[in-house]
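Please work through the exercises below with the structure open beside you, trying each task before reading its solution.

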Protein chains: 2
Amino acid sequence: MNISQAAKLSGLSVKTVRYYADIKMVEPARNIQSGYRSYTNDDVAKLNFIGKARRFNFSIEECRELLSLYQDKNRSSKEVKKLTLAKIASIDEKLKEFHSLRDELSHLVNCCNGDDRPSCPILDELSK
Amino acid sequence: MNISQAAKLSGLSVKTVRYYADIKMVEPARNIQSGYRSYTNDDVAKLNFIGKARRFNFSIEECRELLSLYQDKNRSSKEVKKLTLAKIASIDEKLKEFHSLRDELSHLVNCCNGDDRPSCPILDELSK
DNA sequence: TCTTTACATTCCAGTAACTGGAGACTTTAT
DNA sequence: ATAAAGTCTCCAGTTACTGGAATGTAAAGA
């Protein structure tokens, strides 16, 4: 199938699918006459896999790793679990950061009248 | 003072301070002989302000806005509060995303034996 | 004074993961 | 035959810096 159908089936944009070909993540065959990329169902399965992993916040390089584990019938589940645990840990860090950010900001907002006068505890805090 | 002291006092890197000059956020005077950037205490205060706002996850453009409010003695606190509330809302969205991501991933991890055998519920889920 | 060292300048490239657009070619529909 | 839709490659832009090269200036030591 052509790229637009592969994109539709995998839920990715044509640009993204072409990008994944460029970076050698999913390299389809080529139609010799037209030069058009020609995707198989297997290619689409890989695109799907990548799309899902990306939505799980795995980076492109991590996706590459997961993909090669996915295609290796002899891999151990230990390796996959390790990658996933690391991903969870990094998400936990981000969560912590964002939580404390949120707390500080909402504290500032609560202190601010939000009226037409210039006095503003938020700016006061930022300038300290 | 020269750029390295301004950097030190504001807790930013020299590169970053120079970058803020390039994008016209904090434009110091120049020493005519040497061409060196020459920072005042006021400039450092602005750098500080920006550094803090960045740590609060405000984008450069938002910092620009906050900075002009900060320098406008007649601004209303309403405007600042509005920006900050929008920032909190966007942080809340990210928090929600990361929370559900975390939950899904940790569910998968719990299902995975993590042994030397190839069977892996994580990859199974990604390939669905 | 000379030299070394530290600090400063500009400019270019790279980061992550795409996205948008131009110009050209192929396929499909009318 | 022509027009529209789909595809191709290549280049630039996004965010907020960071690293490095080549070059110039200032301060400190011999």
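## Exercise 1: How the two chains are related

In this predicted model, chain A is superposed on chain B, with an RMSD of 0.1 Å, by a rotation of 180° with 0.0 Å of shift along its axis. Work out what relation this is, and find which C-alpha of chain A is nearest the axis.

**Solution.** Begin with the general case: two copies of a chain are related by a rotation about an axis and a shift along it. Here the rotation is 180° and the shift is 0.0 Å, and that is the relation of a two-fold axis. In chain A, the C-alpha nearest this axis belongs to A:Leu95, which lies 3.3 Å from it. As a last step, turn to the interface, where 100% of the interface residues of chain A are also interface residues in chain B, so the copies meet through the same surface.

## Exercise 2: The surroundings of DNA strand D

Determine how many residues surround DNA strand D, and which polar side-chain atoms of chain B lie by its bases or phosphate.

**Solution.** First, 18 residues surround the strand, the closest being A:Tyr36, A:Arg37, B:Lys15, B:Thr16 and B:Tyr20. By class, they comprise 6 nonpolar, 7 polar and 5 charged residues.

Next, consider the strand itself: of its atoms within 4 Å of the protein, 69% belong to sugar or phosphate, and the rest to bases.

Then take the individual contacts of polar side-chain atoms:

- B:Ser13 lies 3.2 Å from a phosphate oxygen of strand D.
- B:Lys15 lies 2.4 Å from a base oxygen of strand D.
- B:Tyr36 lies 3.0 Å from a base nitrogen of strand D.

Finally, the elements giving two or more residues to this surface are helix H1 (3-10) of chain A and helix H2 (14-22) of chain B, and H2 of chain B gives the most, with 4 residues.

How values were computed
Residues are numbered from 1 along each chain as its sequence is written. Chains are lettered from A and ligands numbered from 1 in the order in which they are written. This is a predicted model: local features need pLDDT of at least 70, side-chain atom pairs count only at pLDDT 80 or more; totals for chains, interfaces and linings use all residues. Side-chain values use heavy atoms; hydrogens and water are left out. A residue is near a molecule or strand if one of its heavy atoms lies within 4 Å of it. A polar contact is a pair of N or O atoms within 3.5 Å; within protein, one must be able to donate a hydrogen and the other to accept it, and residues adjacent in sequence count only if both atoms are side-chain atoms. Ala, Val, Leu, Ile, Met, Phe, Trp, Tyr, Cys and Pro count as nonpolar, Asp, Glu, Lys and Arg as charged, and the others, Gly among them, as polar. Copies are superposed by least squares on the C-alpha atoms of residues with pLDDT of at least 70 in both. Contact means heavy atoms within 4.5 Å.
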